[in-house]
Amino acid sequence: MARMVAVERYSLSQARRIALRAQGLAGPRPSRAGPVTMRGFQQVVDRLGLLQIDSVNVLARAHLMPAYSRLGPYDTALLDRASGTAPRRLVESWAHEASFVPPETFRLLEWRRRAYRTEAWGGIAAMPSERSAALDEVRALVTEHGPISAAKVHDLMESSPPRSTTEWGWNWTVAKQALEYLFFVGEVTSAGRNGAFERRYDLTSRVLPPAVAAQPLPDDADAVRELVAISARAHGIGSQRCLGDYFRIKQARVEPAVADLVEAGVLVPVKVEGWPRHVFRHRDATLPRRATGSALLSPFDPLVFERRRLEELYGLRYRIEIYVPAHLRVWGYYVLPFLMGEHLEALVDLKADRKDKVLRVHGVHRAPAPARSAVSDASVVEALVAELGLMAQWLGLEQVVIADASGTLVGDLAPALHAAVRAV
């Protein structure tokens, strides 16, 4: 007779705390006598598995924020060194969108590069047939001159073709389109970024650490299974959809990987009250008694970038509104959820005014139920004052100002936060 195995059951509160511990956000930031070291930064990378890249610099670039949220103020040159100096600890690849990933993970994404005809975005798949001569020329230029920017490649191309006017690539040069194809399929990657945040393209064989480059490539099923395991470890707990979204893997590939990981004991099927999906806990994920951390989270933070998961687990319907017309925005232009304990208590619209050395809070709203808890507005404001002061310090800004461009206080928490900041 088969032995009955009890299914683990969790409340949404418990699931949130498991997720927060897995993400390194369940407790206060670590105290230290000196600055954050490369070892401390590497621990964040190891925990998260990837850092999504985005060029928006309203506050701080997206890939810089997750380490700040977990470590507090740190020298961003650590990331530059990790991604731009050999032997590299981070390399760029398409993962969860364009991302920094460890070199070993870069190799696990080879199946996507081979499947570029169905996996690539936009018109990349058509490049070999439509621009084969340009591809050959760009390959040769990168080989000879790399690391090199797309602008420099364009200048060196003999034909210097005009910028594209097609839908894909927006207003990109043919050189940039060719480089993006070569980047997607893994022939080239970034050897680092220049001061204008442009990739410095080089041959992948010259960027990857030699020991990693020499390793045999895993087959597709093994690679996807390992990626799903990385996702599960970073999530702590999540649905099959969550586990696939972390690396943007289609569910047809995720389902057999999940089944294999369950059979191997890496994933444990669980039930979460109020989460109407098949949910899995990574075997190493643990449940803290309570969550006591607080942090402002970038819209691209791994805790919040899967919006359906965010709504199901934390009760917040949220989207970044930088592309939404101003009169249609709900919370503001560049809004960060404010994590306090196990809840997302507020939504804060922030801008780093580097010219005037001011951190501008254009709006601050208390999050709607059920994302928020029963904690008082005064407690949220008190925690926000400390967090905004810490962020201003990290960004090299001298003052925090609560008001939009016209001087208006926007949001239900704005008056109290304005008074509290003035008092400090």
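How many nonpolar, polar and charged residues does the lining of the largest cavity have? By class, there are 3 nonpolar, 5 polar and 2 charged residues in that lining. Before going further, please keep in mind that this is a predicted model.

## The cavity

Let us stay with the cavity for a moment. The structure holds 1 cavity of 30 Å³ or more, and the space in the largest cavity comes to about 40 Å³. Its lining can be followed along the chain: Gly24, Leu25, Gly27, Pro28 and Arg29 are among the lining residues, as are Ser69 and Arg70, and Gly293, Ser294 and Ala295 belong to the lining too. Two elements, α3 (65-71) and β10 (294-296), each supply at least two residues of this lining.

## Two open sheets

Strand β10 also leads us to a sheet. Here 5 strands form an open sheet with mixed pairing, in the order β10-β11-β12-β13-β14. At its edges are β10 and β14 (399-402), each of which pairs on one side only. On average, neighbouring strands of this sheet are turned by 30 degrees against each other, direction ignored. Strand β13 (residues 358-366) pairs with β14 in the parallel sense, over 4 bridges. If you would like a spot to look at, find Val358, whose bridge partner in β14 is Gln399. Helix α19 (residues 414-423) lies across β13 and β14, and runs at about 150 degrees to β14.

Another open sheet is formed by 4 strands in the order β1-β8-β9-β7, again with mixed pairing. Its edge strands are β1 (8-10) and β7 (237-239), and each pairs on one side only. Neighbouring strands of this sheet are turned by 40 degrees against each other on average, direction ignored. Strands β1 and β8 (residues 267-272) run parallel and are joined by 3 bridges. Within this pair, Arg9 stands opposite Lys271 in β8. Helix α16 (residues 251-263) packs on the sheet, where α16 touches β8 and β9 (279-282); the direction of α16 makes about 100 degrees with that of β8.

## Helices that pack together

What describes a pair of packed helices? The angle between their axes and the distance between the axes do. Here are two such pairs.

| Helix pair | Angle | Axes |
|---|---|---|
| α1 (residues 12-22) and α17 (residues 307-314) | about 130 degrees | 9 Å apart |
| α14 (residues 220-235) and α16 | roughly 75 degrees | within 9 Å |

Why are α14 and α16 described as roughly perpendicular to each other? Their axes cross at roughly 75 degrees, and angles of 65 to 115 degrees count as roughly perpendicular, so α14 and α16 fit that description. On the α14 side, the contact is made by Asp220, Val224, Arg225, Val228 and Ala229, while α16 brings Arg253, Val254, Ala257, Val258, Asp260 and Leu261. By class, this contact of α14 with α16 has 7 nonpolar, no polar and 4 charged residues.

Now for the other pair: helices α1 and α17 pack at an angle of about 130 degrees, and that makes α1 oblique to α17. From α1, the residues Leu12, Ala15, Arg16, Ala19 and Leu20 meet Arg309, Glu312, Leu313 and Tyr314 in α17. The contact of α1 with α17 has 6 nonpolar, no polar and 3 charged residues by class.

Note on methods
Residues numbered from 1 in each chain as written. Predicted model: local features only at pLDDT ≥ 70, side-chain atom pairs only at ≥ 80, totals over all residues. Heavy atoms only, no water. 1 Å grid on protein atoms, 1.4 Å probe; cavity = no way out; pocket = protein on both sides within 12 Å on 5 of 7 lines; lining within 4 Å. Points joined across faces, edges and corners; volume = space filled by probe spheres on them. Nonpolar A, V, L, I, M, F, W, Y, C, P; charged D, E, K, R; others polar. Pairing = 2+ DSSP bridges. Axes fitted to C-alpha atoms, helices over the stretch in contact; angles between N-to-C directions. Contact = heavy atoms within 4.5 Å. Parallel < 35°, antiparallel > 145°, perpendicular 65-115°, else oblique.
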